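Let's take a look at this one together. Have the sequence and the 3D view open side by side as you read.

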Amino acid sequence: MSFLRTEALSRSFGGLAAVAGVDLSVEPGEIRAIIGPNGAGKTTLVSLISGRVPPSSGRIEFDGDDITALKPWERVLRGIVYTFQITSIFRNLTLAENVMLAAQRAASRDQPLWRGLDDRAVTQAVDAALERVGLASRAQELAGELAYGHQRLLEVAMGLALRPKLLILDEPTQGLSEQEIADFCALVRSIAMDATILLIEHNMDVVMALAQRITVMNNGALLAEGTPDQIMNHAEVQRAYLGT
Amino acid sequence: MTGRARVWVLHGGVILLLFLLQFVLPDYHHTNVARIMVLATYAIGYNLLIGYTGLLSLGHAMFFATGLYGAGLPIYYFGLHPVAGFLLGALLALVLAFVVGLIVLRTSGVAFMIVTMMFAQAFFLATLYFNGVTRGDEGLVLAAEARRFGFLGLDLDLAEPATRYNMALSLFTGALLICLALVRSPLGRVMIAIRENEERTRMLGYNARDYKLLALSLSGLLSGAAGAAYVLLFAYMGSSFAAIQYSILPLLWVLLGGIGTVIGPLIGTALMFYLIDKTSEVMQSYLIVVGAVLVALVLFFPKGLAGTLRQRYARWLP
Ligand SMILES: Nc1ncnc2c1ncn2[C@@H]1O[C@H](COP(=O)(O)OP(=O)(O)O)[C@@H](O)[C@H]1O
Ligand SMILES: [Mg+2]
């Protein structure tokens with residue numbers, strides 16, 4: 001039984017089939033990379049999984065339940081967390097406040113927000129999440145003042161503070177330096193100890209270093225799936241994506 | 001001082017100042033300040049929605065007027081106890097805001113402005129239509145004896161300036177404290193998050209619609225409480241309080257004083273009140289001056305007085 005499974009999942013925008021009949025299956029604890037050329041439908045596929053975009057047809061199963069009809073915030077409460085490709089943070093709030101919103105949600109998962117929170121525990125969760133992405137020293141700065149790459153890391157910190165079961169990272173290393181990318185890979189490995197990860201990534205070094213399995217998309221459909229070695233040697237993938 | 005201490009000193013200081021003012025103000029200003037405090041309560045309620053949740057309503061007069069009539073009419077016609085009248089008016093405004101919210105929150109942005117305005121316009125027309133009860137524009141005046149009552153062993157007369165002033169101050173203090181506590185709570189944080197980036201807030205696991213409905217209901221409750229206090233303290237209710245001007249005024253007060261600040265609504269209300277009061281004293285075309293001042297403030301204080309202050313000098317201001 002898979003942790004995450006999609007069945008004939010499709011989404012069209014006007015006449016364009018951004019995602020067409022995708023059957024994806026991910027095992028618990030896996031780091032799964034999704035690669036493919038720009039416009040292949042990667043962001044749309046994970047948006048369908050997170051509920052940000054409703055499907056045209058198809059089904060999504062998560063952790064044994066059919067979640068196709070669930071609202072995005074209900075999916076977050078079940079542990080599906082999406083970090084945006086186009087950074088979506090609270091630019092006018094501090095880093096700590098950004099992460100606080102995620103941490104207090106995780107702390108009040110089973111009860112309404114006004115029932116009182118353990119402030120200390122929430123603050124600790126905020127500090128811990130910022131620490132893990134290396135932004136702890138900048139907690140009181142405004143999020144909008146961060147460099148682009150660091151805004152992506154803030155997104156990851158918000159994701160972490162939600163205590164995800166499935167963390168979706170949509171091109172997280174864009175705008176990071178070599179050293180920061182290396183740190184980021186270590187971070188993803190540590191997150192994967194207690195969560196499943198869907199990683200959309202263009203940097204093939206990062207993909208090869210992290211992914212146990214790789215799914216290749218093209219024109220809204222799955223083109224291939226396999227271990228990094230299998231994918232690198234896959235003829236069609238080389239033609240469609242690696243450009244050889 | 002820590003941020004927390006500063007916040008309490010500042011807001012506590014404002015309350016204390018308002019309390020002390022009553023002993024030095026001449027009669028005329030004594031009444032004015034009482035009126036300003038009631039209207040500032042309305043502005044605080046309005047600000048919860050526009051300033052903290054990011055929803056621009058053009059229909060809040062219906063909540064203010066619901067409080068006004070909900071308290072005033074039963075007192076006028078059935079001799080209801082003023083305290084019960086106040087609670088009834090505020091409660092009715094809460095219920096109206098909740099029910100209207102279920103409908104208007106299906107929209108956002110410009111559509112939200114228009115739909116709230118249409119609801120308020122319908123409410124306004126209803127106050128004219130039921131002219132037999134409300135006496136429309138001419139309105140109704142509460143009799144002196146309807147405003148004298150016993151409460152908790154005290155004999156109170158709302159026509160008495162000191163009583164009126166301190167009632168207005170209590171109302172304003174309550175609203176200020178509620179607002180202050182709310183916007184610094186986890187709940188207030190979510191409201192601010194919705195204002196800043198609604199989609200992100202949803203993707204953090206919050207059902208934004210429910211939080212907006214809650215904010216609108218609370219906003220309606222405070223607006224209604226202000227309306228109910230207004231009829232009790234100033235003895236008059238009329239359709240003009242349900243008209244479009246009373247939906248626009250809180251918007252101006254809040255913009256002027258500082259949108260999304262706790263203290264801004266008081267500053268804006270007081271400023272606007274005295275601006276109109278002073279200029280209309282000396283000239284006929286006073287609205288030109290009022291307009292010019294508003295334009296200047298928008299140019300030099302784009303976030304309102306308290307908002308610009310916060311931006312430049314005092315980031316800790318809630
Ligand atoms: N909201 C949208 N409206 C219209 N077209 C969209 C929308 N989102 C994505 N698309 C289109 O769907 C296709 C897949 O996009 P996307 O999922 O972002 O691809 P990827 O993330 O793989 O680059 C593209 O052709 C894109 O233009
Ligand atoms: Mg994409």
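Below are some notes on chain B as a whole, followed by a visit to one helix in chain A.

## Before we start

Keep in mind that this is a predicted model.

## Chain B: overall build

If you go through the secondary structure of chain B, you'll find 14 helices and four strands. Put a box around its C-alpha atoms along the principal axes, and that box is roughly 55 × 45 × 45 Å.

So how does chain B, with its 318 residues, line up with a compact globule? A compact globule with that many residues would have a radius of gyration near 20 Å, and chain B has 19 Å, so the two agree.

## Chain B: inside and outside

Buried residues make up 53% of the 318 in chain B. Now take the contacts in this chain between residues at least 6 apart in sequence: 77% of them join residues at least 24 apart.

On the outside, chain B has an accessible surface of about 13,600 Å², and carbon and sulfur atoms account for 70% of that. As for charges, chain B has 20 positive and 13 negative ones, and their mean positions lie 15 Å apart.

## Chain A: a look at helix α1

Over in chain A, helix α1 covers residues 42-50. Is this helix mostly covered or mostly open? Mostly covered: eight of its nine residues are buried. Among them are A:Leu45, A:Val46, A:Leu48 and A:Ile49, and the buried set also includes A:Lys42 and A:Ser50.

Go just past the end of α1(A) and you reach A:Gly51, which takes a positive phi of about 90°.

How values were computed: Residues numbered from 1 in each chain as written. Chains lettered and ligands numbered in written order. Predicted model: local features only at pLDDT ≥ 70, side-chain atom pairs only at ≥ 80, totals over all residues. Heavy atoms only, no water. Buried < 20%, exposed > 50% of the residue type's maximum accessible area, 1.4 Å probe, protein only. Helix = DSSP H or I, 4+ residues; strand = E, 2+ residues; numbered from the N terminus. Rg over C-alpha atoms; globule rule 2.2 N^0.38 Å. Contact = heavy atoms within 4.5 Å. Areas by Shrake-Rupley, 256 points an atom, 1.4 Å probe, with all protein chains shown as cover. Lys, Arg positive; Asp, Glu negative; His and termini not counted. Charge placed at Lys NZ, Arg CZ, Asp CG, Glu CD.
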